[in-house]
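Me: Please go through the ligand site of this model and justify each term that is applied to it.

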Amino acid sequence: MELLNKYKGGAKKGYISKLDIEEKPLDSFFDSAYLREKYPPLPSPAEVELMRHFIKLSLMNYHVDKGMYPLGSCTMKYNPKINEDIARLPGFTNIHPEAPESTIQGALQLMFELGEFLKEISGLDAITLQPKAGAHGELTGLLITRAYFRSISEERGIVLIPDTAHGTNPASSARAGFKVKEVKSNKNGILEPKSLRESMSEDVALLMITNPNTLGIFESHIRELAHILHDHGALLYMDGANLNAIMGKAKASDFGVDIIHFNLHKTFSTPHGGGGPGSGPVAVTDKLSSFLPTPTIEFDDEKYYFNWTLKNSIGKVSSFYGAFSVMVKAYIYIRLLGADGLEEAACQAVINSNYLLTKLREIYRLPYGKNCMHEFVLSASDFKELGIRTLDIAKRLLDYGYHAPTIYFPLIVPEALMIEPTETESKESLDGFIQAMKNIAKEARDEPDKVKQAPSSTHVGRLDEVKANRELNVRW
Ligand SMILES: *Cc1c(COP(=O)(O)O)cnc(C)c1O
């Protein structure tokens, strides 16, 4: 026992060995006015208690590792864990963004090659990886647009946006100083050349269009829309957040797109939500390449380097060079899948979505389209006469163990349920979701209170969502 006692706890007293530098009192570092007089009453639980506390909290949460997350427009797909492992390699995590270029050639190569992949996927000519989210990419694209028109001495102040647009589109446009003018989609949920023509004027800088749009429908007139814009000297911006539906199949350049942003955290597999890191690279045509934020990342056949000398650059849009860890994950995802794999993923996303649509439209109304791309929008307006709203259906889904779809969006669909299963769900999990939606429809008729009072199985019931937003309390 003597031997065991001798080695217990490493150093002689306690676990931690003695300081080998001079110990100084705290008030030699801080003004004593800011120091506590008494030590705070922090709990000191045992490891097992701490572990159980956090495991319990994690079980209250819903996440894509736990179940299907059909949140339309958000592309909550399952993200391969190998991406995380590789992004955590010390060669990626232990570098400093201001390290000399010669010491971070690997990181620069990765960013450069990711840019090349995204250029190939979109067909456009030049790229910045700096923006840190889709909306940030939109803002960057709009600032580029403004700088471009100023460079040719035109002050165009209007951005046209279809009524199916994602909310960030008008918000980014207003933020960049443009006036937003809405263009109406037709009864099939897409934009007609006719309505674009009617909205065109010499003040229009840009049409900002999501393709496939937020109804999950492909904008089949997009080439003609591009012609109309270009004939008037305006530009076409494609919100590429829904690239999951077309990557590897169709290129934005074939549609006549001038600017596109990507959502790496949606399409290219980074876990997201809850304000986690994102990345919204922006690709442009040659004509606009000199306006990109600096630095861009270039290769001169020998070394990778930052180019700070773009003639018309709008400047930096991000501290340093963007969300590097998200880029690493996107790079790995693209390299593991290759062109065929990306195309297959897009096809699978569209097939999964159409399978769900075909089964669910038997019960819920489909206001636009017959089939869909990677997502679709149903309406629960038929349930209104039973006193059941979309919100009730979404809440009841939680009791069945599913995350709710996106609801009340897009705005042109009353009582909207926007569903995006993604390609990573199996037929079994899709069937489970269909069954839950069927059960809820039946309950709405037979036991409406069950639906109206849902959820009953979650840790918190119905929240006052307005109060929760207005009086944010992040302390519990
Ligand atoms: C998610 C999304 C955006 C915004 O992307 P963020 O990264 O959340 O800023 C823009 N447009 C569409 C169509 C989207 O789905």
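Reply: The ligand is surrounded by 13 residues, the closest being S73, G134, D239, H265 and K266; a residue is near a molecule if one of its heavy atoms lies within 4 Å of it. This is a predicted model, in which local features need pLDDT of at least 70, side-chain atom pairs count only at pLDDT 80 or more, and totals for chains, interfaces and linings use all residues. Residues are numbered from 1 along each chain as its sequence is written, and side-chain values use heavy atoms, with hydrogens and water left out.

Me: What makes the pair formed by S73 and the ligand a polar contact?

Reply: A polar contact is a pair of N or O atoms within 3.5 Å. A polar side-chain atom of S73 lies 2.7 Å from a ligand oxygen atom, so the pair qualifies. For a polar backbone atom of A135 the distance to a ligand oxygen is 2.8 Å, and for a side-chain N or O atom of N263 it is 3.0 Å. The protein buries 87% of the 380 Å² that the ligand exposes when taken alone (Shrake-Rupley method, 1.4 Å probe).

Me: Which helix gives the largest share of the shell around the ligand?

Reply: That helix is α6, with 3 residues; helices are DSSP runs of H or I with at least four residues.

Me: Why is T270 called buried?

Reply: Buried means under 20% relative accessible area. T270 has 1%, and is therefore buried.

Definitions and conventions. A polar contact is a pair of N or O atoms within 3.5 Å; within protein, one must be able to donate a hydrogen and the other to accept it, and residues adjacent in sequence count only if both atoms are side-chain atoms. Helices (H or I, at least four residues) and strands (E, at least two) are DSSP runs, numbered from the N terminus. Buried means under 20% relative accessible area, exposed over 50%, partly exposed in between (1.4 Å probe, protein chains only).
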